Amino acid sequence: MAVKLYGLAMATCTATTLACLHEKEVEFEFINVDLFGGENKQPAFLLKNPFGQAPAFEDGDLTLFGKLCSFYMIVSYFMHDMQLKKHMVNYEIN
Ligand SMILES: N[C@@H](CCC(=O)N[C@@H](CS)C(=O)NCC(=O)O)C(=O)O
């Protein structure tokens with residue numbers, strides 16, 4: 001599975017990205033990060049987000065963090081839908 005979301009589900013910033021993933025029905029793996037225990041400040045997580053905050057997100061080779069996660073989701077998957085719709089329209093016209 002290419003898409004991975006790292007965060008704490010009850011944290012608003014993570015929940016926003018979770019909402020986007022569910023909205024676009026993207027298959028993903030959720031990796032819980034213990035924010036209360038400081039796991040977000042450990043070297044393994046800092047490689048994903050140098051600011052040590054959730055969420056972080058991986059889609060193949062691409063790693064993003066913060067609001068960029070939701071932004072990426074909206075742009076890539078919404079635009080993908082738009083492309084599909086455009087092709088459908090073209091198909092109907094031709
Ligand atoms: N500016 C970040 C804010 C991210 C953020 O504040 N995450 C919180 C959880 S909602 C966090 O990781 N807090 C733990 C910390 O800052 O140590 C964004 O764009 O999403």
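These notes cover the fold, strand pairing, core and ligand shell of a predicted model.

1. Overall architecture. The protein contains three helices and four strands. In sequence order these elements give the pattern β-α-β-α-β-β-α. Among contacts with a separation of 6 or more, 57% are between residues 24 or more positions apart. Buried residues make up 21% of the 94 in the protein.

2. The β-α-β unit. Strand β1 (residues 3-7), helix α1 (residues 12-23) and strand β2 form a unit of this kind, and the unit is right-handed. β1 and β2 run parallel and are joined by four bridges. Within this pairing, L5 of the first-named strand faces F30 in β2.

3. F30. This residue belongs to strand β2, which spans residues 29-32. F30 counts as partly exposed because it has 16 C-beta neighbours inside 10 Å, where 20 or more would be needed for a buried residue. Its C-alpha atom is 7.6 Å from that of G7, although the two residues are 23 apart along the chain.

4. The hairpin. Strands β3 (residues 56-59) and β4 (residues 62-65) are antiparallel, with four bridges between them. D59 is placed opposite L62 in β4. Two residues separate the strands of this hairpin, and G60 adopts a positive phi near 65°.

5. The nonpolar core. The largest such core comprises 13 residues, and L5, Y6, L21, A56 and F57 have the most contacts inside it. Two or more residues come from each of β1, α1, β3 and α3 (67-93). The biggest contribution is that of α1, with three residues. L5 thus appears both in the core and opposite F30 in the parallel pairing.

6. Contacts of F57. Which residues does F57 touch once its neighbours within four places in sequence are left aside? They are L5, T17, L64, F65 and C69. L5 is also listed with F57 among the core residues that have the most contacts there. Of the other partners, T17 lies in the range of α1, residues 12-23, while L64 and F65 lie in that of β4, residues 62-65. C69 falls in the range of α3 (67-93).

7. The ligand shell. The residues around the ligand are A11, T12, C13, L35, N40, G52, Q53, A54, G66 and K67. By class, this shell has four nonpolar residues, five polar residues and one charged residue. T12 and C13 of the shell fall in the range of α1, residues 12-23. K67, another shell residue, falls in the range of α3 (67-93).

How values were computed
Residues numbered from 1 in each chain as written. Predicted model: local features only at pLDDT ≥ 70, side-chain atom pairs only at ≥ 80, totals over all residues. Near = placed C-beta within 6 Å. Nonpolar A, V, L, I, M, F, W, Y, C, P; charged D, E, K, R; others polar. Buried ≥ 20, exposed ≤ 12 C-beta atoms within 10 Å, placed from the backbone. Pairing = 2+ DSSP bridges. Right-handed = clockwise from strand over helix to strand, strands pointing away. Contact = placed C-beta atoms within 7 Å. Core = buried A, V, L, I, M, F, W, Y, C linked by C-beta atoms within 7 Å.
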